[in-house]
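Biologist: I am new to this structure. Please show it to me, and then I will ask about its parts one by one.

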Amino acid sequence: MSVTSDAVAAEARSRAEGAASPEGGAGSPWQPKILAFCCNWCTYAGADLAGLNRMNYPADIRLLRVPCSGRVNPQHVLRALQDGCDGVLVCGCHPGDCHYVSGNYYAKRRMMVFKRLLEYSGLRPGRFQVRWISGSEAGKFRDTVVSVTEQISQMGPMASDAPSLEALAGADALLEAARGAGDAR
Amino acid sequence: MTANLTQQIRDRARDLLQSGTVSCFIAWEPARFEHWRTPVTIESPDEVDRIVVDEWCDQLIAKYALQRRGDGRIGMVARGCESRAVERLVADRQVSRQDVYLVGVGCTGMLDRDGGAPLKKCEECQRRNPVTYDEMVGETVEEPRPYRFGEVDRIESMEPEQRRAFFDRMFSQCAMCFACRNVCPACNCRSCFADAERVGWLEKDFGLDASRYWGLMRAFHTGDRCIECGECERACPMGLPLMTLMHKQVRDIDRLFGPYEGGGLSDAGPDPLRSYRTDDVEEFM
Amino acid sequence: MIIDKRDICALLDAIGRDEQVYVPGSVAGVTQFVEHEPGVEPLLDVRTTKVPPKELLFPKAERLYRWKTHEGHLSIEQADVASRPFTVFGMRPCDVASVERLDQVFLTKGYVDEFYQARRQAATLVALACERTDPTCFCDSMGGSPTRAPGADVVLRDRGDSYRAQAQTERGQRALDAWRAAAPDAVRDDEPGEAPDAGDDARVTCSLTVDMDGVAQAMPGLYESPMWDDIADTCVTCGTCTFVCPTCYCFDISQDTRAAEGSRYRCWDSCMFVTYTQMAGGHNPRADKAPRVRQRFMHKLSYFFDRYGENLCVGCGRCIADCPAGVDITRVIDRVGAEAAAMRGEVAVDG
Amino acid sequence: MAQTQFAFFPGCSAHSTGRAYTESFMYVAERLGFEVSEIPEWNCCGASAGHLRSHDLGDALPARSLALSEETFGDRPVLALCAGCYINLRRALVHARRSPEDLARIDGLIGREWKASAEVMNGLEPFMDPEVQSRLSSCVTRPLKGLKVACYYGCAMVRPRDVCAFDDDEDPRSMERILSLTGAEPVEWSFKTECCGASHQVIVQRDMKPMVGRILENAAAAGAEAVATACPLCMLNLDMREAEANRQRAELGKPPLRLPVYYFTELIAASFGGKADEIGIKRHFTPAVETVEAARSQGVVA
Amino acid sequence: MRIGVFVCHCGSNIAGTVDVERVAREALKLPGVVFSDTNKYTCSAPGQESVCSAIKENALDRVVIASCSPRMHEATFRKMIAEKTDLNPYMLEIANIREQCSWVHKDREQGTRKACDLVAMAVAKVSCDRELFTTNLPVERRALVIGGGIAGIQAALDIADAGFPVTLVERESSIGGKMVMLDKTFPTMDCSACICTPKMSEAAENPNIEIKSLTEVESVSGYIGSFDVTLREKAKYVDYDVCTGCGLCETKCPTKKIPSEFNQGLSTRTAIYKPFPQAVPSKPTIDAEHCKKLQSGKCGVCEKVCPTGAIRYDDVDRVTTQRYGAIVVASGYELIDWTGLYGEYGAGRYPDVITGLQFERIVNASGPTEGHILRPSDRTEPKTTVIVKCVGSRDPNKGVSYCSRACCMYAAKHAHQYLDKVPDGTCYVFYMDVRCAGKGYDEFYMRTLQDGAIYVRGRVSKIYPEGDGLVCMGEDTLSGEIVRVKADMVVLETAMVPSRGSDVLASKLNVQRGPEGFFTEAHPKLRPVETNTAGVYLAGVAQGPKDIPDTVAQAGAVASKVIGLFARGQIESNPMLSKVDVSRCSGCRACVDVCPYGALGLVQANLRENSRKVTRTVCQVNEGLCQGCGACSVACRSGALDLLGFSDEGIMQEVEMLCQ
């Protein structure tokens, strides 16, 4: 690995991972940071309804309102996971109910492929999830938040997913094996 | 590839240039060392003897057509990969099919200029014969359609930590030179997201996060349009196994949304991630 | 001083106890300079590493300062420029030559880059002379030699089962003394009566040669030459050549902005990239490939020569080997020679 | 290019009850330049009960024969003259093509690397190609001029549609097209895909008996002078039980039917000028030679 | 940048679990925030007043209000900013610290921390907000109604009666659609023509309605309020300005053996013809395909006999373009072509197997048999009639999977009519279910049973001729018996399918169709007559199978939507739309493919790039059509497209702020 160049990135990373709450000290216990992209018309409304019904759920989730799940760019998701979120959730209307006709169908295809790609590249399953929650499904919203928070809490902070030295050494061998003729002459 | 292929192609290029059918002809010429080849664009019938077409022509030349847009019809040698690349460029509306004139050749795979071993991209090739051409030189060749997901199988069978390690190591070696993008026929955007200095898009700090972001997002942007030419992997100066990200998506898309093709092989409509079916598999309920 | 090859690792282990030692190694199959780890044999048979050692002195990204706003107040924290001593062990002569070029850029002509200077002053360069060359090597055409590395503090020469280490500078001599002290069992004195070996330009030569005579002088006249269009035709304008080049030193200044805080850092850039000359207003003086390609070769073979009296190419051959499109700087040089001759009316240029 | 090379799956009838079908098919095939080669070491297709015993068995039995064919003849279509064989082989093929997982499952059952690449065809399909039809027309030297024939497909050949799909399942017309080339005149009738009750004739004879009579009567009512089939089981059932049906009619005071039943290939062979003893028509229960000869004498080509 | 943060107590709703004062204090530490305050009830008049004065006094240029859900009061606060301050109303973000924080978390510390984060995210986003401006788009107060059946006629009449001009286009030569072909309507047994033809003439005479028969929509561009529609009016060969509709030409035309479409092929017509006596327009056209003069040049009888000289053999298609503010799709349906699907019913070979619509013509007093029930083959009265329901409907294997809704009732009507006219006849009705939900419907069905109709539950598996009749074979699934009925005539109640060309029309209008091919409404419950393309509405069976009362009701609903739009006269555009940076666009079309509204298109643009003029294909956003979903901004790989109001930068900054 390059020696010094990673320092800049590593610093940014550690800052992101060690970020604490506004007034919380560094000594406060770790709490997961979960970002949920929610479409304005269904899931955001469902979350509002959960509030109206005074449902209780863990406070580790932060909703980010978007007009439609089709607005969520996989780049937003990857950026959130890289910069310090321990889990990311994308939520939209049930297929067929999209306020914008087809946005969630596109989101579904994109996210199905992207999620597999992320997990293929080593993201632990569960860190990135997608759910369809309608405006009337306050209960489903609450249950989803509870279950996602629980899963992420069990997994621990994102930083704990960093591979061990043994795994890295094994990876080097595999990478050398994966080279074809003509590569890296 | 037959021994006199070079001569046949030279003859065809000369005729096409002389008759005015094409304004230029893209092929390869010998480089300084034995077995080294470099792409060349011939503009005059007097220069066709520079052309050589043999088992050492490792570069994919189709994308060179983009820089000749608007200068008349572009002639080109088209193996399976070039023809698919042209179809890709057509599907992305970067050239129109009639702007290029493809002299098709069946291809039995290219060899490494330094060791003579078959190139990995050719050993995984699914289309040795051109899928479209304006004329064919020589016979079509057998299509062995080898299994290309061996590496995906292996990586999928690993634990998340091992996979993370594998890709951490792989991306740590990325030089951020963008050779993969610049040779990729599906990377035909006028301006790449990586070149946009925007908050949260792509850092320039050469860190692991940046190269992972680049690697995954480029793979995703081309995931449903990859023609599986393997050129990214060949061009990568660090020799990173980039095609594993593409093959992964190709297989997923194939399994989830129906036969994968990467554009241009049929009139199947827009690419998988810009189309949908109401009865698509549901896993997010 | 003689070091048996089987003792190299022991020697490096010993040096590594006091300071960082970088040696040729391989990560994930990519050869490059890595921190020596005890017990791990360095890859001293590799001639030019895939990744040049320049990032040890000039990192890919380097923080300049950090800023922070707190309750409306802005505070700035300068980055620490100090560097601890380290040794680069096993640099090939071309790479040593590249450090001399970088020194020119970062330390002379009234400009001193304190970040570079700190690292440079902390570095002991141990060269390893070449006994063989690769087909793409052409250092002896660029004023260098496979067997000599005048810029190094210490030069190692292969003697079959052992290396002979000779100090070329005071720092080098101190280093040899330190080695002897740290690993007395791994080193021994020169054979009695053995004469100092200054290298032999005739003994090891490069099969690839170019005629550099008059190239630097001819290039300004070729600024408008159509040859750049030809070369650019093939080039895919990736950054490979600039990133594997041991002498390319262009950098950009970028920032990492996160809400209330952030930092500025400098990072490598490549003249091949379209963004290199992109201006804020949208104009780009080198939007097309040909001017960018021309810029690279002009810089390597003419502009740098004008300023510092030598070429910015040391003939390591990395860019030739790694270019995905087969662009070859030696063919460019040949072409320059031919074009220049044609302009002088000597020979007809083909093509 | 028309398909002219076939792998032949005889099944249990080709060399026994359906011999006339095999003989006449081969007679025609030879003249149309077909190359028909028997699959080595083929086994029972599993009809009628294999798939009822277990789905795996229902897939494995045909798949083994198909795999053997693929190993020997590659992509050559497999020809199954018997409708029972056809439907069983085809079902296994359709199952294998559903997904790579299904193919792997079946390959596991038979212990072979079968790729399910070759098609399975019934007796009619080779003749549906326009090129073959024009060749067939040119081979007709003794047209069966004006012979009114009811084309009978039976129930198995066209159903279920997701397995067969070579023709409409309620109103197939391929046999009509083929036989019209021989000079015969296919009639419009309603029972061409009605079940003849063949597989139940032995166990529930009482219920099944009227079925044959109804089919033949409907054909006769539509003006047919003969019935053509493409399935040995249908043939056997109709041909053998016509006498029985006539007995029933006699009891009701109705005249006998006198409706010979043919394999459609027998009629083609006849129009090619085949002699009665080489094209199978002497092997029938219901006399069948006379009708053909009469039609042929009408249509001697000048 | 001068951001103000206002944290709402909402009484104790928020302040009960969130330390709002601390949230306000923390907010002041955020970059760009120069002011923060709390309010008891921000949405109340004093609350709004205090926010507005703080904006003015502190020269704030961006505002974050931490309160209830933006779905609750975002509009309120936008309006407040627009009306009471100089600030642009889109320089506002809401942090939802009530529904998504104080109401769902009990722990005060946790709730306060989360509220701080939510405020920080809103501050990050508001820093990226840009001023946005709504525009008022004018509405062309003229409606286009596509399809001249009862749905189209009703919608046209209602819109025209409100004083707005309407163009009613019909591709056949007369309006009236299917309804005018029917004999009686269930359950009241009104004469269909008697109630339909007055509507037709009313439409013809209404000064606000222009009827264009033999006309089809060629192309549509534009958006709500200003659709530019090109219509192709086919050559009629008769000058309608001159023709008086006397009908002499029809009586003299020598080509008389053309099957009548109106009578479903059960009678014939001439080459110059009116489809039926009450046709509107009440003037004939020449069927060029069958006219001797137009085919071979020989004849010319009609020209000779025409007393006003109205015949124009050299007539050509007329193509006109007109601007419309709204479009009503009432393109109706046709009956499924059962002959290609049901070989077991004879595939059309048996003349006495007829469709329900043919039965309507037979039973109609002005039909080919003058109302006597006579079967087509030999014109005798059928003594046994079998009615088969669900032919094509609810049959996914052969026909369509849906229920055609009206057939149960008209099958009962047919049985009733048959038994009424053939008192000694027997009528069997084969059915799967009997669905009679509707006012007076079940009573009607019961009456039919009392009339003596024999309902057999089961599908007919085969129909074959026997003697001079037809045997219908099927299973009575209630008794489990095989049933064979010898019938003299069989009536197939076939499925309704979208009218031919619906696919082409859908793509011209850019409206969606469901899997069954009917046009899709914007919302099945709440927006049943709108489509997802603003300004395009649906009436009648074009939207899905329904009977006449539902069709007319829907047509009225459509008219009220159109009238409402026209009454407003203009529409305010949503400024949170997609925006394209053409310098980055490569014209690859990915965005065009994913846009559900057809709001994106590719255009040739003249641009200046690097001091050079270039012409390139780039994407263009039609602001009238864009609804701001943002799907395109993700499909665009190079980031040339962004969504105003939810920009990439804004979203990324929110993410970064949360991660900090």
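Biologist: Which residue of β7(E) is the bridge partner of Leu144(E)?

Modeller: This is a predicted model, in which local features need pLDDT of at least 70, side-chain atom pairs count only at pLDDT 80 or more, and totals for chains, interfaces and linings use all residues. Residues are numbered from 1 along each chain as its sequence is written, while chains are lettered from A and ligands numbered from 1 in the order in which they are written. Strand β6 (residues 143–146) and strand β7 (residues 166–169), both of chain E, pair in the parallel sense over four bridges; helices (H or I, at least four residues) and strands (E, at least two) are DSSP runs numbered from the N terminus, and pairing takes at least two DSSP bridges between two strands. In β7(E), the partner of Leu144(E) is Thr167(E).

Biologist: Which strands stand at the edges of the open sheet with β10, β7, β6, β18 and β29 of chain E?

Modeller: The order of the five strands is β10-β7-β6-β18-β29 (chain E), with parallel pairing. An edge strand has a single partner, so one side of it is left without a neighbour in the sheet. That is the case for β10 (209–212) and β29 (536–538) of chain E.

Biologist: On how wide an arc do the buried residues of α15(E) lie, and what is its value in degrees?

Modeller: Helix α15 (residues 548–568) of chain E has 21 residues and reaches 30 Å from first to last C-alpha, close to the 30 Å expected at 1.5 Å a residue (1.5 Å times one less than the number of residues). Its buried residues include Ile548(E), Val558(E) and Phe566(E); buried means 20 or more other C-beta atoms within 10 Å of the residue's own, exposed 12 or fewer, and partly exposed in between, with C-beta atoms placed from the backbone. The buried residues of α15(E) are on the same side of the helix, because the arc, taken from the directions from the helix axis to the C-beta atoms, is only 160°.

Biologist: Which exposed residues does the other face of α15(E) carry?

Modeller: The buried residues pack against β6, α6 (150–161), β8 (184–185), β18 (326–329) and β29 of chain E, where contact means C-beta atoms, placed from the backbone, within 7 Å. The face turned away from the buried side carries Gly564(E) and Ala567(E).

Biologist: Which residue in the turn between β25(E) and β26(E) has a positive phi?

Modeller: Strand β25 (residues 469–476) and strand β26 (residues 481–487) of chain E pair in the antiparallel sense over seven bridges, and Val471(E) has Lys486(E) as its bridge partner. The two strands form a hairpin with four residues between them. The turn residue with a positive phi, of about 80°, is Gly480(E).

Biologist: Which helix gives the most to the side of chain B that touches chain A?

Modeller: Here 60 residues of chain B are in contact with 50 residues of chain A. Elements giving two or more residues to that side of chain B include α4 (150–156), α7 (208–223) and α9 (243–257) of chain B. With 12 residues, the helix that gives the most is α5(B).

Biologist: Is Lys282(D) buried or exposed, or in between?

Modeller: Lys282(D) is found in the loop between α10 (264–271) and α11 (289–298) of chain D. Leaving aside neighbours within four places in sequence, Lys282(D) is in contact with Ala276(D), Asp277(D) and Val289(D). With 13 other C-beta atoms within 10 Å, Lys282(D) is partly exposed.

Definitions and conventions
Two residues are in contact if their C-beta atoms, placed from the backbone, lie within 7 Å.
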